[in-house]
Structures are given as structure tokens and as C-alpha cells.
Amino acid sequence: MAQVLVIADDLTGSNATGALYARLGLRAVTVGALAQVERYADRVDVLVVNTASRHLPPDRAAAAVRAAAGTADAAPLIVKRVDTTLRGNPGSELDALVDVLAAREPAARIRTLAVPAFPDAGRTTVGGLHLVDGVPLTRTAVARDPFDPVRHSRVADVLGAQSRRSTGELALDVVERGPDAVAAALRESPAETVVCDATENAHLHTVARAAARLAVEDRIRWVALDSGPFGAALAGELGLRPAGGPPARILAVVGSVTDRTRTQLTRTEAALDARWADLDPAAPDPGAVLARLRAAAAEGATVLGVRVAPVPSATATGSAAKAAAESAPRAAARILRALAEIARRAVTELCPGGLYASGGDVAAAVTSALGADGFAIETEVLPLAIAGRLVGGPHDGLLFATKGGLIGGPDAARDCLEHLRAACTRHTLGPTLSTT
């Protein structure tokens, strides 16, 4: 049975949403015809059904959603994917989806989290208003769309024009206070549908973490109404995993100590629950770092990494400063040797499905320590971030990605790690889904 059922209203949105789940290591397939829903529902992790209903009248759009949802088995997570600018029939289609779920699970406490923000695409929600690059919907081109003009900027008003379910709002300042505050606010709200503010990816994960907690503690059956990334975040927080088992383990080795790198690694903690072990640059101890990596793996972490702890600001002057400067190359060499040794031993002991190295010197040292002849390049994840496989040596074929330490925005490391995890899933499950 699929772990996630996504009902979308157009093909491009369906495929883009499926890609977000694939980055989590889940096998996602987009289908259209009801016969295809039945064929693939038990063979994938994420089934995305395109009803092609965005430009239909509300009653016909609702009927299409009811047919799709009724054909598919109930999945642990049900998602109504909506346009990033809320065009189409989001309220009518949400009601149709929830009606089917309520009939199927009459004892369930069903509530909807409406989180249409897609920060990476410039779509945010603030004060209940949905914005495109900071501009309210009614002041953008979608207000003049020839097929589906959007007449409201407030998400609750867009839904309320079609939906009969009560709607509340969760303000950005509550989301900023973290999962505990969000969980408390959701408990207090009597609304069947709660519209949540979000301006960055971290906000999506905060709401998802709170919702996952309430799913367990309060037995709430959440339906996600979103444009793609929130549903994927909620799937991760609910602990949904590929049918074949947990996601492959990924090992990361990072030598850069820049502020940019630290920000990138912090994002991986929020998005991927990455666990980082710090290497003391003054006294690098591979054994101590490996012990922390083993402990994290034993606790079920699937993204494990070692990074160099930040060096305290130097206050020495005169001869002390000169001595420190002269010793810097030797210290850097010790750190590189330690990182390479950690990578060698961790790959052998923890058997990761993929390896990520940040920094050219680090990548070279790790490749050498693993006895590889080189690197078979397969794709560019982002500019100056390359993915492929190790060539030669005892770990020939190991998925590998490398990025410069000063390269990319805040989510660059996350993107590389997610690429590796998705590649591991494709490698494990094979390239095709045969219908024979």
C-alpha cells in the first residue's frame, strides 16, 4: 500500500510534487486514469493522482477527486495538492477528499492543515495572506488569469468560497516559537481547517513536527492541503519510509568551517534530521568521532556526518600569533588526515549507501583513503556540486557527491544529501516498474 496518496489537479504540479517525495527516498509515481490508480497503489511509496480538474467547474472537480480518492486505498498520509497560487477548485476538492476519508474512517478525528507556502518558489503565507515574491495574490497576474482568476489573497477566503468546513489561522509569530507552540495552538483551535503561515522551509518543518506529534498524542488524522513541500515535510516527520525498509544511510564529511557551511549544515538538521559529530581541530580524535557516529546510527539516524568544530577567535599577538600562523598548515594536514581516516572506517563499519564530501581537499583525501581510482561523474546537483560514483578500489560504485565549501545557498548541502538518498532508492528498487 502506498504510504502517501496525493490528489493533484494538473500534470506539471503532480510531477513536481512527486519529485519532492522522491528526494526523501520514497518511490513516487504519477498516474491519471482510475485503472492506473488501482494498478500502482500497492507498488509505490507515493501515488500522485492527477485529476486534471483545475479548470473544471467546482462540482465536476469535486466528482473527479471523489472518484480518485475512492479508487485508491487509504494511505497513512492523504494530501490535496493545490496550485502554488491557489488557482482552480481548492475548497471544493478538499471537501470531496475529506468526505471520502470520513466515510471510510467514520471514527477518525480528521483535520486539515492548509500550508500552501512554497518558499523555494517565492510563495509565502503571512498573516493568512498568500504572497508571490512578497506581493498579495490579488495584485499579481493570477488575479487576471483567463481561466481561474484568484479573487482573494487570504487563504481562508479562497477556501471559504467553496468549502463548507470551518477555517482558522495560525500566525507566523506562533510558528516562529517552535513545535510546542504550534502544537498548543492547533489543540486550542476548533477549526476543521487551519491555515498556517510560513515564509521559509524551516517553518514548514516546524508545523509538520507539531502535527506529527498530535497525530500520535491526540490521534488526529491529518489531511495536508499544500503546494508540495509541506506534504513532503509531514511525510518525513510522520516517519513514513519506503516499503523496502528505511532510507539508505548517508555519510557526510565536511571540512569547511565557514559561516555559510555552518548555516547549510543547520538546515540539514531541520530538514533531514541529520546528526553531526564535531571533530576537535586542536586535537582531532577519529575514534571519538566514530563512537558518536555509531551511537547516532544505533538510534536510527540515516544522515550521519562529521564536521570540524569552529576554531575560537584568535587573541594572540606578536610571537604567539606568528607561531600560530606557522603551525596552521600542519594543523590543517592533521585535520584532513583525521577526516579521511573517519571516512575510511565509517564506510567500512556503517555501510552507507552514499557519501558526501564538502571541500576539494576533503573530497580528494576521502577518495584516496577509500582506495578509489577516481570519480565517475553522472550529474550536477547544483553549480559546482557534482554527483556520481567512486571508481575502482574496494568501494567501487559507491554513490558519491561533492561540493565546494563556499558553494551554494542555505539549502545546498540538503540538496546534495537528498539527491544521494533518492539515488540510493533508485539503485535499490531498480529503474522501472514492470506491469507484467
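Let us begin at L384, which lies in the loop between β16 and β17. Strands such as these are DSSP runs of type E with at least two residues, helices are runs of H or I with at least four residues, and both are numbered from the N terminus. L384 has a positive phi of about 65 degrees, although L384 is not a glycine. At 59% relative accessibility, L384 counts as exposed; the terms are buried for under 20% relative accessible area, exposed for over 50%, and partly exposed in between, with a 1.4 Å probe and protein chains only.

A word on the source: this is a predicted model, in which local features need pLDDT of at least 70 and side-chain atom pairs count only at pLDDT 80 or more, while totals for chains, interfaces and linings use all residues. Residues are numbered from 1 along each chain as its sequence is written, and side-chain values use heavy atoms, with hydrogens and water left out.

The strands on either side of that loop are our next topic. β16 and β17 (residues 385-391) run antiparallel and are joined by seven bridges; two strands pair if DSSP finds at least two bridges between them. Within this pair, I377 stands opposite G388 in β17.

Which order do the strands of the open sheet follow? There are seven strands, in the order β13-β14-β12-β15-β18-β17-β16, and the pairing is mixed. β13 (275-279) and β16 stand at the edges with a single partner strand each, so one side of each has no neighbour in the sheet. On average, neighbouring strands of this sheet are turned by 20 degrees against each other, direction ignored. For such angles, axes are lines fitted to C-alpha atoms, for helices over the stretch in contact, and the values run from 0 to 180 degrees between N-to-C directions.

Two helices accompany this sheet. Helix α10 (residues 259-272) lies across β12 (250-254), β13, β14 (303-308) and β18, and runs at about 160 degrees to β14. Helix α11 (residues 286-298) packs on the sheet and touches β12, β13 and β14, with its direction at about 170 degrees to that of β13. Contact here means heavy atoms within 4.5 Å.

How many aromatic pairs does a search of the whole structure find? The search finds one. The ring centres of F375 and F400 are 5.2 Å apart and the planes stand at 70 degrees, so this pair is edge-to-face. By definition, rings of Phe, Tyr and Trp (its six-membered ring) pair if their centres lie within 6.5 Å; planes under 30 degrees apart are stacked, over 60 edge-to-face, and the rest tilted. F375 belongs to β16 (residues 374-382) and F400 to β18 (residues 399-403), so the pair ties together parts that are 25 residues apart in sequence. F375 counts as partly exposed, at 28% relative accessibility, whereas F400 counts as buried, at 2%.

I turn now to the nonpolar cores. Such a core is a set of buried Ala, Val, Leu, Ile, Met, Phe, Trp, Tyr and Cys residues joined through side-chain atoms within 4.5 Å. The largest has 42 residues, and V4, Y21, L113, L170 and F230 have the most contacts inside it. Helix α8 (residues 201-217) gives the most to this core, namely six residues. Apart from this core lies another, of 38 residues, including V65, I110, L137 and V158.

L170 also appears in strand β9 (residues 167-170), where G168 and L170 form the covered face, and T167 and E169 the uncovered one. In a regular strand, side chains alternate between the two faces of the sheet. β9 pairs with strand β10 (residues 193-196) in the parallel sense over four bridges, and V195 in β10 is the bridge partner of E169.

The loop between β3 (46-50) and α3 (58-71) holds S53, and A52 has its place there too. Is S53 buried or exposed? S53 is buried, with a relative accessible area of 0%, and A52 is exposed, with 53%. Leaving aside neighbours within four places in sequence, S53 is in contact with D9, A61, A64, N89 and E93. A52 has a positive phi of about 50 degrees, although A52 is not a glycine.

Finally, the cysteines. A search of the whole structure finds zero disulfides, a disulfide being a pair of cysteine sulfur atoms within 2.5 Å. For C416, the nearest cysteine sulfur is that of C424, 14 Å away. C416 counts as buried, at 1% relative accessibility, and C196 counts as buried at 0%.
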